[in-house]
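The following exercises are to be worked with the sequence and the model at hand. Please attempt each task before reading its solution.

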Amino acid sequence: MHIDNSQPLEYSTQQNQLNILGFWIFLGAEIMLFATLFTAYFTLADRAGSGPTSAEIFEITPVLIETFVLLTSSFTIGLGVHAMRLGRKNAMMAFFGITLLLGLGFLVTEILEFMTYYHEGATYQTSAFTSALMTTLGTHGGHVTLGLFWGTFIILQVKKRGLTPGTANKAFIFSLYWHFLDVVWIFIFSFIYLKGMM
Amino acid sequence: MKELFPAKQVMGFVASLVLTVVALLVYYTDMSFTVGMTILLATAFIQAFLQLVVFMHAGESKDGNSIYTNILYAVFIAVVTVFGSLLILLWDM
(Lines give C-alpha, C1' and ligand atoms only; values in the text may rest on other atoms or scores of the structure.)
Protein backbone atom coordinates (compact mmCIF):
# COMPACT_ATOMS: atom_id res chain seq x y z
CA MET A 1 0.00 0.00 0.00
CA HIS A 2 1.59 3.26 -1.12
CA ILE A 3 0.88 6.22 1.14
CA ASP A 4 1.16 9.69 -0.35
CA ASN A 5 1.84 12.10 2.52
CA SER A 6 1.28 15.22 0.42
CA GLN A 7 -2.48 14.48 0.48
CA PRO A 8 -4.95 14.47 3.38
CA LEU A 9 -5.14 11.01 4.98
CA GLU A 10 -8.49 10.18 3.39
CA TYR A 11 -6.94 10.54 -0.10
CA SER A 12 -3.57 9.04 0.75
CA THR A 13 -3.88 5.71 -1.11
CA GLN A 14 -5.21 4.97 -4.57
CA GLN A 15 -7.89 2.76 -3.05
CA ASN A 16 -8.98 5.69 -0.87
CA GLN A 17 -9.26 8.01 -3.87
CA LEU A 18 -11.32 5.41 -5.73
CA ASN A 19 -13.60 4.93 -2.71
CA ILE A 20 -14.32 8.66 -2.64
CA LEU A 21 -14.95 8.86 -6.40
CA GLY A 22 -17.18 5.79 -6.15
CA PHE A 23 -19.21 7.38 -3.39
CA TRP A 24 -19.75 10.50 -5.49
CA ILE A 25 -21.12 8.28 -8.26
CA PHE A 26 -23.49 6.74 -5.72
CA LEU A 27 -24.59 10.26 -4.71
CA GLY A 28 -25.34 10.92 -8.39
CA ALA A 29 -27.73 7.95 -8.31
CA GLU A 30 -29.24 9.27 -5.08
CA ILE A 31 -29.94 12.62 -6.77
CA MET A 32 -31.91 10.76 -9.43
CA LEU A 33 -33.76 8.70 -6.79
CA PHE A 34 -34.92 11.84 -5.01
CA ALA A 35 -35.79 13.42 -8.37
CA THR A 36 -38.33 10.65 -9.00
CA LEU A 37 -39.81 11.12 -5.51
CA PHE A 38 -40.10 14.88 -6.04
CA THR A 39 -41.71 14.22 -9.43
CA ALA A 40 -44.35 12.01 -7.82
CA TYR A 41 -44.94 14.58 -5.09
CA PHE A 42 -45.26 17.58 -7.43
CA THR A 43 -47.62 15.63 -9.66
CA LEU A 44 -49.86 14.51 -6.80
CA ALA A 45 -49.53 17.43 -4.35
CA ASP A 46 -52.99 18.83 -5.14
CA ARG A 47 -54.77 15.44 -5.11
CA ALA A 48 -55.87 15.53 -1.50
CA GLY A 49 -59.25 13.88 -2.16
CA SER A 50 -61.43 14.10 0.96
CA GLY A 51 -58.34 14.35 3.20
CA PRO A 52 -56.51 17.47 4.37
CA THR A 53 -54.48 19.63 1.97
CA SER A 54 -50.86 20.66 2.42
CA ALA A 55 -51.87 24.14 3.62
CA GLU A 56 -54.05 22.52 6.30
CA ILE A 57 -51.46 20.19 7.84
CA PHE A 58 -48.08 21.92 7.34
CA GLU A 59 -46.83 23.91 10.33
CA ILE A 60 -43.88 26.25 10.26
CA THR A 61 -42.44 25.51 13.75
CA PRO A 62 -41.30 21.88 13.32
CA VAL A 63 -40.08 22.72 9.80
CA LEU A 64 -37.94 25.57 11.15
CA ILE A 65 -36.47 23.35 13.87
CA GLU A 66 -35.69 20.57 11.37
CA THR A 67 -34.12 23.00 8.90
CA PHE A 68 -31.84 24.82 11.33
CA VAL A 69 -30.86 21.64 13.17
CA LEU A 70 -29.89 19.84 9.97
CA LEU A 71 -28.12 22.90 8.56
CA THR A 72 -26.06 23.21 11.74
CA SER A 73 -25.24 19.49 11.70
CA SER A 74 -23.93 19.85 8.16
CA PHE A 75 -21.66 22.66 9.43
CA THR A 76 -20.40 20.67 12.45
CA ILE A 77 -19.50 17.61 10.38
CA GLY A 78 -17.60 19.95 8.04
CA LEU A 79 -15.67 21.15 11.09
CA GLY A 80 -15.17 17.49 12.04
CA VAL A 81 -13.47 16.76 8.72
CA HIS A 82 -11.37 19.93 9.11
CA ALA A 83 -10.27 18.82 12.60
CA MET A 84 -9.46 15.37 11.18
CA ARG A 85 -7.16 16.99 8.61
CA LEU A 86 -5.36 18.78 11.43
CA GLY A 87 -4.90 15.40 13.11
CA ARG A 88 -7.06 16.49 16.07
CA LYS A 89 -8.70 13.17 16.85
CA ASN A 90 -10.64 14.25 19.94
CA ALA A 91 -11.97 17.43 18.33
CA MET A 92 -12.99 15.39 15.29
CA MET A 93 -14.88 12.84 17.40
CA ALA A 94 -16.56 15.67 19.34
CA PHE A 95 -17.76 17.37 16.14
CA PHE A 96 -19.00 14.06 14.73
CA GLY A 97 -20.76 13.40 18.04
CA ILE A 98 -22.48 16.81 17.97
CA THR A 99 -23.48 16.13 14.36
CA LEU A 100 -25.16 12.85 15.31
CA LEU A 101 -26.95 14.44 18.29
CA LEU A 102 -28.33 17.14 15.98
CA GLY A 103 -29.32 14.37 13.55
CA LEU A 104 -31.17 12.65 16.37
CA GLY A 105 -32.90 15.95 17.21
CA PHE A 106 -33.99 16.25 13.60
CA LEU A 107 -35.36 12.72 13.58
CA VAL A 108 -37.32 13.13 16.84
CA THR A 109 -38.90 16.36 15.51
CA GLU A 110 -39.84 14.61 12.27
CA ILE A 111 -41.39 11.63 14.07
CA LEU A 112 -43.46 13.98 16.28
CA GLU A 113 -44.53 15.82 13.11
CA PHE A 114 -45.65 12.53 11.53
CA MET A 115 -47.62 11.68 14.68
CA THR A 116 -49.37 15.06 14.49
CA TYR A 117 -50.30 14.34 10.87
CA TYR A 118 -51.65 10.95 11.92
CA HIS A 119 -53.86 12.51 14.60
CA GLU A 120 -55.11 15.08 12.10
CA GLY A 121 -56.31 12.28 9.84
CA ALA A 122 -53.47 12.47 7.34
CA THR A 123 -52.10 8.93 7.15
CA TYR A 124 -50.13 7.15 4.47
CA GLN A 125 -53.34 5.83 2.89
CA THR A 126 -55.46 9.00 3.10
CA SER A 127 -54.81 10.47 -0.34
CA ALA A 128 -52.37 10.58 -3.22
CA PHE A 129 -50.98 13.74 -1.64
CA THR A 130 -50.25 12.17 1.77
CA SER A 131 -48.78 9.01 0.17
CA ALA A 132 -46.39 10.99 -2.00
CA LEU A 133 -45.53 13.33 0.89
CA MET A 134 -44.75 10.57 3.36
CA THR A 135 -42.80 8.50 0.83
CA THR A 136 -40.56 11.49 0.07
CA LEU A 137 -40.12 12.62 3.68
CA GLY A 138 -39.79 9.01 4.82
CA THR A 139 -37.05 8.21 2.32
CA HIS A 140 -35.09 11.23 3.54
CA GLY A 141 -35.77 10.39 7.20
CA GLY A 142 -34.75 6.78 6.54
CA HIS A 143 -31.45 8.01 5.16
CA VAL A 144 -30.91 10.12 8.31
CA THR A 145 -31.69 7.08 10.49
CA LEU A 146 -29.16 4.98 8.60
CA GLY A 147 -26.67 7.84 8.93
CA LEU A 148 -27.05 7.86 12.73
CA PHE A 149 -25.98 4.20 12.92
CA TRP A 150 -23.25 4.61 10.29
CA GLY A 151 -21.82 7.69 12.06
CA THR A 152 -21.85 5.98 15.44
CA PHE A 153 -19.78 3.11 14.06
CA ILE A 154 -17.37 5.58 12.43
CA ILE A 155 -16.79 7.32 15.79
CA LEU A 156 -16.29 3.98 17.54
CA GLN A 157 -13.78 2.86 14.93
CA VAL A 158 -11.81 6.12 15.06
CA LYS A 159 -11.75 5.84 18.87
CA LYS A 160 -10.45 2.28 18.64
CA ARG A 161 -8.02 2.52 15.71
CA GLY A 162 -7.12 6.23 15.66
CA LEU A 163 -6.83 8.34 12.52
CA THR A 164 -5.47 6.01 9.83
CA PRO A 165 -5.84 6.22 6.03
CA GLY A 166 -8.66 3.67 6.42
CA THR A 167 -10.69 5.35 9.17
CA ALA A 168 -10.10 8.88 7.77
CA ASN A 169 -11.39 7.69 4.41
CA LYS A 170 -14.55 6.22 5.97
CA ALA A 171 -15.14 9.35 8.04
CA PHE A 172 -14.75 11.60 5.00
CA ILE A 173 -17.17 9.49 2.93
CA PHE A 174 -19.69 9.62 5.78
CA SER A 175 -19.36 13.42 5.79
CA LEU A 176 -20.23 13.46 2.07
CA TYR A 177 -23.35 11.39 2.83
CA TRP A 178 -24.39 13.72 5.64
CA HIS A 179 -23.91 16.90 3.60
CA PHE A 180 -25.93 15.29 0.81
CA LEU A 181 -28.84 14.69 3.20
CA ASP A 182 -28.78 18.40 4.03
CA VAL A 183 -28.88 19.25 0.32
CA VAL A 184 -31.95 17.03 -0.13
CA TRP A 185 -33.56 18.69 2.90
CA ILE A 186 -33.03 22.17 1.37
CA PHE A 187 -35.19 21.04 -1.56
CA ILE A 188 -37.81 19.43 0.71
CA PHE A 189 -37.91 22.61 2.83
CA SER A 190 -38.25 24.90 -0.22
CA PHE A 191 -40.45 22.96 -2.61
CA ILE A 192 -42.59 20.84 -0.32
CA TYR A 193 -43.05 22.90 2.84
CA LEU A 194 -42.61 26.56 1.83
CA LYS A 195 -44.36 26.05 -1.51
CA GLY A 196 -47.19 24.23 0.28
CA MET A 197 -47.64 27.02 2.83
CA MET A 198 -47.27 29.92 0.41
CA MET B 1 -9.45 26.55 19.33
CA LYS B 2 -9.57 29.16 16.56
CA GLU B 3 -7.89 26.80 14.09
CA LEU B 4 -10.86 24.43 14.45
CA PHE B 5 -13.21 27.03 12.91
CA PRO B 6 -11.82 27.87 9.45
CA ALA B 7 -13.14 31.13 7.97
CA LYS B 8 -14.27 29.44 4.74
CA GLN B 9 -16.60 27.02 6.49
CA VAL B 10 -17.92 29.61 8.96
CA MET B 11 -18.70 31.92 6.04
CA GLY B 12 -20.36 29.02 4.22
CA PHE B 13 -22.54 28.34 7.26
CA VAL B 14 -23.49 32.01 7.65
CA ALA B 15 -24.30 32.18 3.92
CA SER B 16 -26.60 29.14 4.15
CA LEU B 17 -28.36 30.67 7.18
CA VAL B 18 -28.89 33.91 5.25
CA LEU B 19 -30.22 31.99 2.22
CA THR B 20 -32.61 30.06 4.48
CA VAL B 21 -33.91 33.31 5.98
CA VAL B 22 -34.39 34.77 2.48
CA ALA B 23 -36.35 31.64 1.50
CA LEU B 24 -38.51 32.12 4.61
CA LEU B 25 -39.62 35.54 3.30
CA VAL B 26 -41.81 33.54 0.94
CA TYR B 27 -43.76 32.34 3.98
CA TYR B 28 -43.66 35.45 6.15
CA THR B 29 -44.47 38.07 3.52
CA ASP B 30 -47.26 38.32 0.99
CA MET B 31 -46.03 37.72 -2.54
CA SER B 32 -47.26 36.21 -5.78
CA PHE B 33 -46.69 32.53 -6.54
CA THR B 34 -44.32 33.35 -9.42
CA VAL B 35 -42.11 35.66 -7.37
CA GLY B 36 -42.10 33.17 -4.49
CA MET B 37 -41.08 30.23 -6.69
CA THR B 38 -38.34 32.31 -8.33
CA ILE B 39 -36.87 33.15 -4.92
CA LEU B 40 -37.11 29.51 -3.77
CA LEU B 41 -35.45 28.18 -6.95
CA ALA B 42 -32.61 30.69 -6.55
CA THR B 43 -31.99 30.15 -2.82
CA ALA B 44 -32.26 26.34 -3.04
CA PHE B 45 -29.84 25.92 -5.94
CA ILE B 46 -27.31 28.45 -4.57
CA GLN B 47 -27.40 26.69 -1.22
CA ALA B 48 -26.96 23.26 -2.79
CA PHE B 49 -24.00 24.58 -4.77
CA LEU B 50 -22.52 26.08 -1.58
CA GLN B 51 -22.70 22.72 0.21
CA LEU B 52 -21.07 21.00 -2.75
CA VAL B 53 -18.12 23.38 -2.99
CA VAL B 54 -17.53 24.61 0.57
CA PHE B 55 -18.45 21.58 2.67
CA MET B 56 -18.08 18.59 0.35
CA HIS B 57 -14.84 19.81 -1.27
CA ALA B 58 -16.08 18.49 -4.63
CA GLY B 59 -13.22 19.92 -6.68
CA GLU B 60 -10.24 19.45 -4.37
CA SER B 61 -8.74 16.17 -5.67
CA LYS B 62 -7.51 15.19 -9.12
CA ASP B 63 -10.89 13.46 -9.62
CA GLY B 64 -12.60 16.86 -9.31
CA ASN B 65 -13.56 17.02 -12.97
CA SER B 66 -15.05 13.51 -12.96
CA ILE B 67 -16.97 14.36 -9.78
CA TYR B 68 -18.42 17.59 -11.19
CA THR B 69 -19.28 15.89 -14.51
CA ASN B 70 -21.06 13.09 -12.67
CA ILE B 71 -23.03 15.46 -10.40
CA LEU B 72 -23.91 17.74 -13.29
CA TYR B 73 -25.20 14.75 -15.25
CA ALA B 74 -27.27 13.58 -12.27
CA VAL B 75 -28.72 17.07 -11.82
CA PHE B 76 -29.52 17.22 -15.53
CA ILE B 77 -31.42 13.91 -15.35
CA ALA B 78 -33.17 15.10 -12.17
CA VAL B 79 -34.28 18.40 -13.75
CA VAL B 80 -35.48 16.67 -16.93
CA THR B 81 -37.39 14.07 -14.88
CA VAL B 82 -39.11 16.67 -12.69
CA PHE B 83 -39.87 19.34 -15.29
CA GLY B 84 -40.59 16.86 -18.10
CA SER B 85 -43.23 15.21 -15.93
CA LEU B 86 -44.71 18.53 -14.80
CA LEU B 87 -44.88 19.66 -18.44
CA ILE B 88 -46.84 16.60 -19.52
CA LEU B 89 -48.93 15.85 -16.44
CA LEU B 90 -49.72 19.24 -14.88
CA TRP B 91 -49.06 22.05 -17.28
CA ASP B 92 -50.92 20.42 -20.23
CA MET B 93 -48.39 21.14 -22.94
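The exercises below treat confidence, one helix, the contact between chains, and one loop residue.

The model is predicted: local features need pLDDT of at least 70, side-chain atom pairs count only at pLDDT 80 or more, and totals for chains, interfaces and linings use all residues. Residues are numbered from 1 along each chain as its sequence is written, while chains are lettered from A and ligands numbered from 1 in the order in which they are written.

**Exercise 1.** State the predictor's confidence in chain B and in the complex.

*Solution.* Begin with pLDDT, the predictor's confidence in each residue, from 0 to 100. Chain B has a mean of 91, and 100% of its residues reach 70 or more. Then turn to the complex, for which the predictor gives an ipTM of 0.92 and a pTM of 0.93.

**Exercise 2.** Describe helix α1 of chain B and explain how its buried residues are arranged.

*Solution.* Helices (H or I, at least four residues) are DSSP runs, numbered from the N terminus. Helix α1(B) covers residues 7–28, 22 in number, and spans 31 Å from first to last C-alpha, close to the expected 32 Å; the expected span is 1.5 Å times one less than the number of residues.

Next, classify burial: a residue is buried if 20 or more other C-beta atoms, placed from the backbone, lie within 10 Å of its own, exposed if 12 or fewer, and partly exposed in between. Gly12(B), Phe13(B), Ser16(B), Leu19(B), Ala23(B) and Val26(B) are buried. These buried residues fall within an arc of 125° seen down the helix axis, so they line one face of α1(B); the arc is that of the directions from the axis to the C-beta atoms. Exposed residues on the other side include Met11(B), Val18(B) and Tyr28(B).

Finally, identify the cover, which includes α3 (60–85) and α6 (165–197) of chain A together with α2 (33–55) of chain B.

**Exercise 3.** Characterise the contact between chains A and B.

*Solution.* Residues are in contact if their C-beta atoms, placed from the backbone, lie within 7 Å. Chain A contributes 38 residues and chain B 39. On the side of chain A, the elements giving two or more residues are α1 (14–44), α3 and α6. Of these, α1(A) gives the most, with 13 residues.

**Exercise 4.** Locate His57(B) and assess its backbone and burial.

*Solution.* His57(B) lies in the loop between α2 and α3 (64–89) of chain B. Its phi is positive, about 50°, although His57(B) is not a glycine. Most residues other than glycine have a negative phi. His57(B) counts as buried because it has 20 C-beta neighbours inside 10 Å.

Notes
Two residues are in contact if their C-beta atoms, placed from the backbone, lie within 7 Å.
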